[in-house]
Amino acid sequence: MKNLFSNLRGDLFGGITAGIVALPLALAFGVSSGLGPDAGLYGAIFISFFAALFGGTPTQISGPTAPMTAVSMVIIAGIIAANDGDVNKALPSILLVFLLAGIIQIGLGFAGIGKYIRYIPYPVVSGFMTAIGVIILITQIGPSLGYNPKQDTEFVQQFKPEAEERILENILKDEVKEDILVLEDFEKTIERANKVSQADILRESQTLAAKEASGVLGSIKVLPRMLKNINWLELGLSLVTIFIIFGFKRITTKIPSTLVALVVVTGGAVALGLDYNPIREIPSGFPMPNLEIFSGFSIGAITPYIFTAIALALLGAIDSLLTSVVADNMTKTKHKPNKELVGQGIGNSIAAIFGGIPGAGATIRTVVNINSGGKTKLSGMIAGVLLLVIMLGFSSVASKIPAAVLAGILVTVGIGVMDYKGLKAIPSMPKDIKIAGIKLSSEVLIMIVVLVLSSLWDLVYAVGIGLVIASLMFMKKIGDLTAQRSDVKPLKEEPWADEVGITAGLKEKVFIKHIKGPLFFGSTSEFQQLAKQIPATASMIVIRMDRMQYIDQSGLYTLEDIIVDLKKADKNVLFVDVQKQPRYMMERIDMIPDLIGEDCIFDDFKSCLEWMKEHKDDK
């Protein structure tokens with residue numbers, strides 16, 4: 001407790017400043033997610049407070065971020081579509097996914113997974129972050145132009161036949177649940193269908209229109225309609241917001257430019273009495289837990305969402321720990337990755353119960369906190385409390401914010417989140433692979449694959465595919481390098497210093513193989529040629545393992561098969577300087593001592609040479 005208040009003044013300034021920076025972003029991310037500004041605010045409040053309280057990075061400010069919101073947006077849209085376009089009906093399932101993601105993050109922390117996150121390849125992260133920027137920019141074209149597919153009457157009318165079909169399908173589904181046989185009681189079906197009003201059909205048509213226009217591909221499809229139905233007032237508000245955000249930074253960075261834009265443009269729009277589209281009303285009063293998440297909670301209910309929750313949890317872990325590294329570099333401290341994951345998981349779990357969208361460590365907010373004097377976890381807790389106070393006291397004022405202002409803020413977020421460093425490096429990266437006769441850079445290929453698949457298909461699957469491709473390419477490179485260094489050539493390898501003393505008579509009977517790196521599944525194909533290339537005159541096969549620090553199961557069984565073949569050919573196989581991990585693996589499958597006895601294993605080549613001299617005449 002003493003350490004918590006050791007930097008009270010600095011933490012107070014840092015927390016307040018970070019909270020002010022977080023406010024417009026929380027509202028914008030909430031609107032972008034599809035759950036509304038209140039969901040973004042709830043997420044910012046609870047994640048900021050509890051991730052700071054239980055996390056392992058004292059100066060980190062957490063809350064909804066661009067990557068987490070982009071993935072959440074896809075998840076939310078998918079679950080809403082599966083629930084007949086009804087947000088209220090889908091909400092428990094949506095929040096259940098967020099809750100599961102938080103619980104999984106807690107599990108990752110306790111399992112010690114945090115230290116492995118740093119092995120995510122840079123091209124995967126680069127492609128993903130650039131895709132986030134692309135997704136945000138494209139999906140905010142409509143809101144920035146003041147276009148709402150639900151209000152486009154001509155567009156909505158196209159979905160009227162499909163809406164009628166879906167309403168009838170839902171009636172039939174309800175009757176099946178009620179054990180009503182349509183063929184026996186068709187009049188009841190007709191009666192229910194007649195109760196469907198034009199307003200119901202219009203509402204369903206609007207839901208289908210919104211679904212068609214959602215996401216990157218949807219936004220591109222309806223772009224011509226957007227350009228035909230520009231709301232010049234909304235566009236003007238967006239452009240002024242963007243101009244202020246970028247322009248004010250040139251004047252000073254001490255005051256958050258997003259907040260300045262939010263206050264100035266909203267204040268101007270209200271003062272002038274402009275007829276703009278405001279954001280959804282933010283509820284006043286303390287947030288209440290959504291207990292519907294737990295109604296009907298069962299293994300069967302959560303099974304469809306497990307993979308989605310795992311992906312969301314891993315993304316949050318990566319996002320948070322990358323920010324932790326930034327904080328470490330600025331404060332010259334060392335964060336605790338596993339504790340940080342536990343803190344993020346607790347924050348996301350509690351936020352989900354109260355209806356908030358998930359988040360992670362936020363780089364900009366963390367940097368602002370540190371620069372403003374924040375040093376302990378109290379700063380993050382203060383940021384959360386400040387947002388709660390603003391919501392309780394000024395929710396009616398915040399509800400007057402123009403939707404176009406938040407769209408403008410998100411446009412600047414999309415521009416800022418892209419990895420320009422990775423994009424600039426594309427021409428200079430070495431072209432180390434050839435596909436269809438075209439030389440390409442493997443690093444650039446991975447980045448582009450992740451970028452394209454994330455933007456046009458699915459963020460989660462794109463990252464998974466990127467990791468698989470990166471892993472395969474890495475293993476191929478390591479395998480090629482190992483093969484180059486370990487060419488199987490009888491006594492034509494460069495002899496090591498201690499091998500110079502082999503006499504001419506002994507050379508004819510000895511074949512020496514140097515293993516100069518790990519023996520794993522990527523390097524076994526070359527090694528399998530060993531038995532075929534051993535000259536018939538060689539009766540003693542020396543395998544030097546001085547530099548073989550690691551062997552996996554594939555390498556182990558390949559080595560075993562070769563030794564079995566050599567034994568059948570009456571060859572003596574000798575091991576020199578077997579390292580700890582390979583020896584342990586060999587002992588586990590009884591290669592030692594069943595195939596290679598202890599008398600054939602030597603600590604150094606000198607003792608092996610003495611043994612060979614003594615047994616050179618043995619058959």
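1. A salt bridge here is a side-chain nitrogen of Lys or Arg within 4 Å of a carboxyl oxygen of Asp or Glu. With that in hand, a good place to start in this predicted model is the pair Arg225 and Asp152, whose side chains meet in a salt bridge at 2.8 Å, N to O. Arg225 belongs to helix 12 (residues 223-228), while Asp152 sits in the loop between helix 6 (141-145) and helix 7 (153-157), so the pair ties together parts that are 73 residues apart in sequence.

2. Are Arg225 and Asp152 buried or exposed? Arg225 counts as buried, at 14% relative accessibility. Asp152 is buried as well, with a relative accessible area of 6%. As background, side chains of opposite charge can pair when their charged atoms come close.

3. The count for the whole structure comes to 8 salt bridges. Another of them is formed by the side chains of Asp546 and Arg544, at 3.1 Å from N to O. Arg544 is buried, with a relative accessible area of 2%. Some salt bridges share partners, and in this way Asp152, Glu154 and Arg225 are joined into one network.

4. For a more local pairing, look at Asp200 and Arg203, whose side chains meet in a salt bridge at 2.5 Å, N to O. Both residues lie in helix 10 (residues 198-212), and because they are 3 residues apart there, about one helical turn separates them. Asp200 is partly exposed, with a relative accessible area of 27%. Arg203 is also partly exposed, with a value of 47%.

5. Next, please have a look at helix 17, which runs over residues 337-353. Its 17 residues reach 25 Å from the first C-alpha to the last, close to the 24 Å expected at 1.5 Å a residue. Just beyond the helix comes Gly355, whose phi is positive, near 90 degrees.

6. Why can helix 17 be called largely enclosed by the rest of the structure? The reason is that 12 of its 17 residues are buried. Among them are Glu340, Leu341, Val342, Ile346 and Asn348, along with the glycines Gly343, Gly345 and Gly347. The cover over these buried residues includes helix 2 (37-54), helix 4 (87-110) and helix 16 (306-331), together with strand 1 (62-63) and strand 2 (360-361).

7. Thr57 offers a residue-level view of the surroundings of helix 17. Thr57 lies in the loop between helix 2 and strand 1, and is buried with a relative accessible area of 5%. Leaving aside residues up to four places away in sequence, Thr57 touches Ser324, Ala327, His335 and Glu340. Glu340 is one of the buried residues of helix 17.

8. On to the nonpolar interior. In soluble globular proteins, nonpolar side chains tend to be buried together. In this model the largest nonpolar core has 90 residues, and those with the most contacts inside it are Leu41, Phe98, Phe128 and Ile409. Apart from it lies another core, of 39 residues, with Phe527, Leu566, Val576 and Ile601 among them.

9. Ile409 and Gly408 are worth viewing together. Not counting residues up to four places away in sequence, Ile409 touches Pro24, Leu25, Ala28, Thr241, Ile245, Thr258 and Leu262. Gly408 is found in helix 20 (residues 403-417), and its relative accessible area of 0% makes Gly408 buried. With the same sequence neighbours left out, Gly408 touches Ser238, Thr241 and Ile242, and Thr241 is also a contact of Ile409. Gly408 and Leu137 are 271 residues apart in sequence, yet their C-alpha atoms are 9.7 Å apart in space.

10. Finally, the surface. Which residues form a nonpolar patch there? They are Leu217, Ile220, Ile448, Val452 and Leu456, with about 400 Å² of accessible area together. Helix 11 (215-221) and helix 22 (442-456) each supply at least two residues of this patch. The largest share, 3 residues, comes from helix 22. Ile448 is found in helix 22, and counts as partly exposed at 38% relative accessibility.

Definitions and conventions: Residues are numbered from 1 along each chain as its sequence is written. This is a predicted model: local features need pLDDT of at least 70, side-chain atom pairs count only at pLDDT 80 or more; totals for chains, interfaces and linings use all residues. Side-chain values use heavy atoms; hydrogens and water are left out. Helices (H or I, at least four residues) and strands (E, at least two) are DSSP runs, numbered from the N terminus. The expected span of a helix is 1.5 Å times one less than its number of residues. Buried means under 20% relative accessible area, exposed over 50%, partly exposed in between (1.4 Å probe, protein chains only). Contact means heavy atoms within 4.5 Å. A nonpolar core is a set of buried Ala, Val, Leu, Ile, Met, Phe, Trp, Tyr and Cys residues joined through side-chain atoms within 4.5 Å. Patches are made of residues with over 30% relative accessible area and no salt bridge: like charges are joined within 9 Å, nonpolar side chains (Val, Leu, Ile, Met, Phe, Trp, Tyr) within 5 Å. Accessible areas come from the Shrake-Rupley method with a 1.4 Å probe; for residues, only the protein chains shown count as cover.
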